[in-house]
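Load the model in your viewer and keep a selection prompt at hand. The stops below go from the whole chain to single residues.

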Amino acid sequence: MVSAGFFASPVCRLPAAAGQARDTISQKSKLGPPSFIPNIAIRRVPGLSCKPVVKMTISFLCLAPLAFVGGLFPAVSGQQNDSSKPVVVQPGAPGKPSKTLPPSTKAALPPLSQADVEFMQGMIMHHAQAVEMTALIDSHTENKDLHLLGARISHSQSDEIKFMERWLTVRGQAVSMSSQKMSGMDDTNMSHEAMHLMPGMLTPEQMQALRKAEGAGFDRLFLTAMIQHHNGALTMVKDLFDTAGAGQDAELFNFATDVDTGQRAEIKIMHEMLERNAPAETREEKR
């Protein structure tokens, strides 16, 4: 390995052409600031010896780094030019090689399943009722834990409604169920009848009872009703994945599994809240 500098090094000399520097490097301190005499230090590495004078001229020493850099950057530039072209790779089936597709290749959405569409449409309706239930909390109870739970449910399910509406719109589908799925209804009863199509959703009578409740009674009724509601969502996810050809869309699959995981966790929280808020005699009976 060869490196240039103005520091003490083994006794290695330059030829006379390099400024007639005939003194050894060890004596350079007597010559004043060696601004024009480049010194060469050779480190001991296997296969390299520092015996004779190194036969390198000043011009070579100056141009060698430039030659190195000049040789390096064209290669880098070439790599950058190559990488500017988009590369589309299609993974092969198990045991099969991948294929490189032309840059003009465009991604396509997976085949649409009617069960996927109906799941999203139904879950929008399902989530909307949950948000409606949480809106009653502020005016019906002062339970801080219930306020926190309600805010969590309201925010998450409102965001999920937006996601589901966007998913349907991108695929050219209506955000609500078709009239065929709601056959036999008139306009005044459509919303209530549609609710009955979704597992776990509260009936109009249950919603009315929730609106009339107050304080601790509201707390218990809300928690039991929301547990019922969440269990219905789990049923919807299970029915989706039990349907042949459904749930294959990546976005929908991730969303449905998130719904399942999130609502199972919230069901556990609500059961614990019911246990804490239950009268002492009721807790004793359970033990």
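**Whole chain**

Start with contacts across the whole chain: of those between residues at least 6 apart in sequence, 70% join residues at least 24 apart. The model is predicted, and the chain has an average pLDDT of 75, with 60% of the residues scoring at least 70. Colour by pLDDT and select residues 1–45, where the value is below 50. This stretch still has 69 contacts in the model beyond near neighbours in sequence. Where pLDDT is low, the predicted coordinates should not be read in detail. Next select residues 66–70, another stretch with pLDDT under 50. For residues 66–70 the model has 1 contact beyond four places in sequence.

Switch to a cartoon. The chain has 9 helices and 4 strands, and from the N terminus on their order is β-β-α-β-β-α-α-α-α-α-α-α-α. Then show the surface. About 18,100 Å² of the chain is exposed, and carbon and sulfur atoms supply 58% of that area. Of the 287 residues, 32% count as buried.

**Helix 4 against helix 7**

Select residues 144–170, which are helix 4, together with residues 215–242, which are helix 7. How do the two helices cross, and at what angle? Their axes come within 12 Å and cross at roughly 30°, and the crossing is left-handed.

Show the side chains at this contact. From helix 4, pick Leu 146, Leu 149, Ile 153 and Gln 157. From helix 7, pick Phe 218, Asp 219, Phe 222, Leu 223, Met 226 and His 230. By class, the contact between helix 4 and helix 7 consists of 7 nonpolar, 2 polar and 1 charged residues.

**Asp 145**

Stay on helix 4 and select Asp 145, which lies in this helix. Is Asp 145 buried, partly exposed or exposed? Its relative accessibility is 41%, so Asp 145 counts as partly exposed. Setting aside residues up to four places away in sequence, Asp 145 touches Met 273 and Arg 276. For a distance to helix 7, draw a line from the C-alpha atom of Asp 145 to that of Asp 219: the two are 74 residues apart along the chain and separated by 10.0 Å.

**Ala 225**

Move to helix 7 and select Ala 225, which has its place there. Ala 225 counts as buried because its relative accessibility is 8%, below the 20% cut-off. Not counting residues up to four places away in sequence, Ala 225 touches Met 133 and Leu 202. Add Met 207 to the selection. Ala 225 and Met 207 are 18 residues apart in sequence, and their C-alpha atoms are 9.1 Å apart in space.

**His 126**

Select His 126 in helix 2. With a relative accessibility of 1%, His 126 counts as buried. Which residues does His 126 touch, leaving out those up to four places away in sequence? One group to display is Met 198, Pro 199, Gly 200 and Met 201, which are among them. The others are His 229, Gly 232, Ala 233 and Met 236. Now pick His 230, listed above among the residues in contact with helix 4. His 126 and His 230 are 104 residues apart in sequence and 9.4 Å apart in space, C-alpha to C-alpha.

**Ser 113**

Finish in the loop between strand 4 (99–101) and helix 2 (114–134), where Ser 113 lies. Is Ser 113 buried or exposed? Ser 113 has a relative accessible area of 13% and is therefore buried. Beyond its neighbours within four places in sequence, Ser 113 is in contact with Gly 245 and Ala 246. As a last distance, pick the C-alpha atoms of Ser 113 and Thr 243: these residues are 130 apart along the chain, and the atoms are separated by 9.9 Å.

Technical notes. Residues are numbered from 1 along each chain as its sequence is written. This is a predicted model: local features need pLDDT of at least 70, side-chain atom pairs count only at pLDDT 80 or more; totals for chains, interfaces and linings use all residues. Side-chain values use heavy atoms; hydrogens and water are left out. Buried means under 20% relative accessible area, exposed over 50%, partly exposed in between (1.4 Å probe, protein chains only). Contact means heavy atoms within 4.5 Å. Accessible areas come from the Shrake-Rupley method with a 1.4 Å probe; for residues, only the protein chains shown count as cover. pLDDT is the predictor's confidence in each residue, from 0 to 100. Axes are lines fitted to C-alpha atoms, for helices over the stretch in contact, and angles run from 0 to 180 degrees between N-to-C directions. A crossing is left-handed if the near helix is turned anticlockwise from the far one by less than a right angle, and right-handed if clockwise. Ala, Val, Leu, Ile, Met, Phe, Trp, Tyr, Cys and Pro count as nonpolar, Asp, Glu, Lys and Arg as charged, and the others, Gly among them, as polar.
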